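Grab a coffee and work through these exercises with the model open beside you. Each task comes with a worked solution.

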Amino acid sequence: MQTKNFETVFIFTPVFKDSEVKEAIKAYVSFMKEQGAEILEEDLWGLKQLAYPIKKKTTGIYFVTEYRATGEVVDALELKCRRDTAVLRFLTVRLDKYAIKYNDDKRKGLAGRNRKKAAAPAESEENAESAEGAE
Amino acid sequence: MASKNDIKFLSSPKIGSERKKYCRFKKLGINYIDYKDEQFLTRFLNEQGKIFPRRLTGNSLKFQRRVAQAIKRARHIAILPYVTDLLK
């Protein structure tokens with residue numbers, strides 16, 4: 001079966017303590033590894049304000065992970081998420097070649113909000129993005 | 001008597017002619033629109049959180065689709081609101 005790059009965003013309940021969050025993330029990551037996924041990126045955003053309330057919660061703990069796996073792993077993962085009441089919301093996206101490149105650059109600090117070059121406001125940022133895309 | 005050369009610059013020639021719109025993604029070579037980037041996506045939303053049409057943004061069809069897709073994903077993970085007032 002063909003493997004593809006996926007990216008999943010989890011929103012955990014804000015009731016979680018730091019240690020509980022770490023535990024939950026560990027559980028999900030090890031579950032994915034068990035299923036045969038290759039984890040490329042784990043990014044814990046931490047507590048963040050939600051744009052609208054979900055399950056009467058106004059904040060959530062965001063966790064983003066990028067991995068390479070077969071579609072069956074995604075099915076299993078999503079089933080696990082649906083059964084888990086601590087997960088307010090999740091989103092799995094298949095990454096196309098541009099997204100993979102973007103994420104790669106982001107890890108190296110070449111793309112995205114926190115890129116190494118001067119973190120200047122809107123306009124210059126667009127220009128920087130163009131430079132990176134033109135390669 | 002005023003010759004043709006004298007009246008040439010009485011009004012700016014640029015007044016009345018619209019600036020040509022262009023697709024910023026094509027021009028800047030951006031291929032991927034990150035649905036997790038809230039600040040970037042809000043440029044394509046009005047105060048109510050509605051997506052601007054192509055006739056205002058000048059996006060090509062291909063990238064307007066991708067912007068719309070990214071915004072919808074951002075809404076799902078509660079980065080952007082579905083309905084709101086005074087977003088900006």
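Helices (H or I, at least four residues) and strands (E, at least two) are DSSP runs, numbered from the N terminus. The model is predicted, so local features need pLDDT of at least 70 and side-chain atom pairs pLDDT 80 or more, while totals for chains, interfaces and linings use all residues. Residues count from 1 along each chain as its sequence is written, and chains are lettered from A in the order in which they are written.

**Exercise 1.** Place Ala99(A) and say whether it is buried or exposed.

*Solution.* Start with the element: Ala99(A) sits in helix α3 (residues 97–108) of chain A. Next, the cut-offs: buried takes 20 or more other C-beta atoms (placed from the backbone) within 10 Å of the residue's own, exposed 12 or fewer, and partly exposed lies in between. Ala99(A) has 19 C-beta neighbours inside 10 Å, so partly exposed it is.

**Exercise 2.** Work out the strand order of the open sheet in chain A.

*Solution.* Strands pair if DSSP finds at least two bridges between them. The 4 strands line up as β2-β3-β1-β4, with antiparallel pairing. At the edges are β2 (38–54) and β4 (87–94) of chain A, each pairing on one side only. Now zoom in: β2(A) and β3 (residues 57–69) of chain A are joined by 11 bridges, and Gln49(A) has Thr59(A) in β3(A) as its bridge partner.

**Exercise 3.** Describe chain B.

*Solution.* Count first: chain B has 4 helices and 0 strands. Along the sequence that reads α-α-α-α. Finally, 20% of its 88 residues count as buried.
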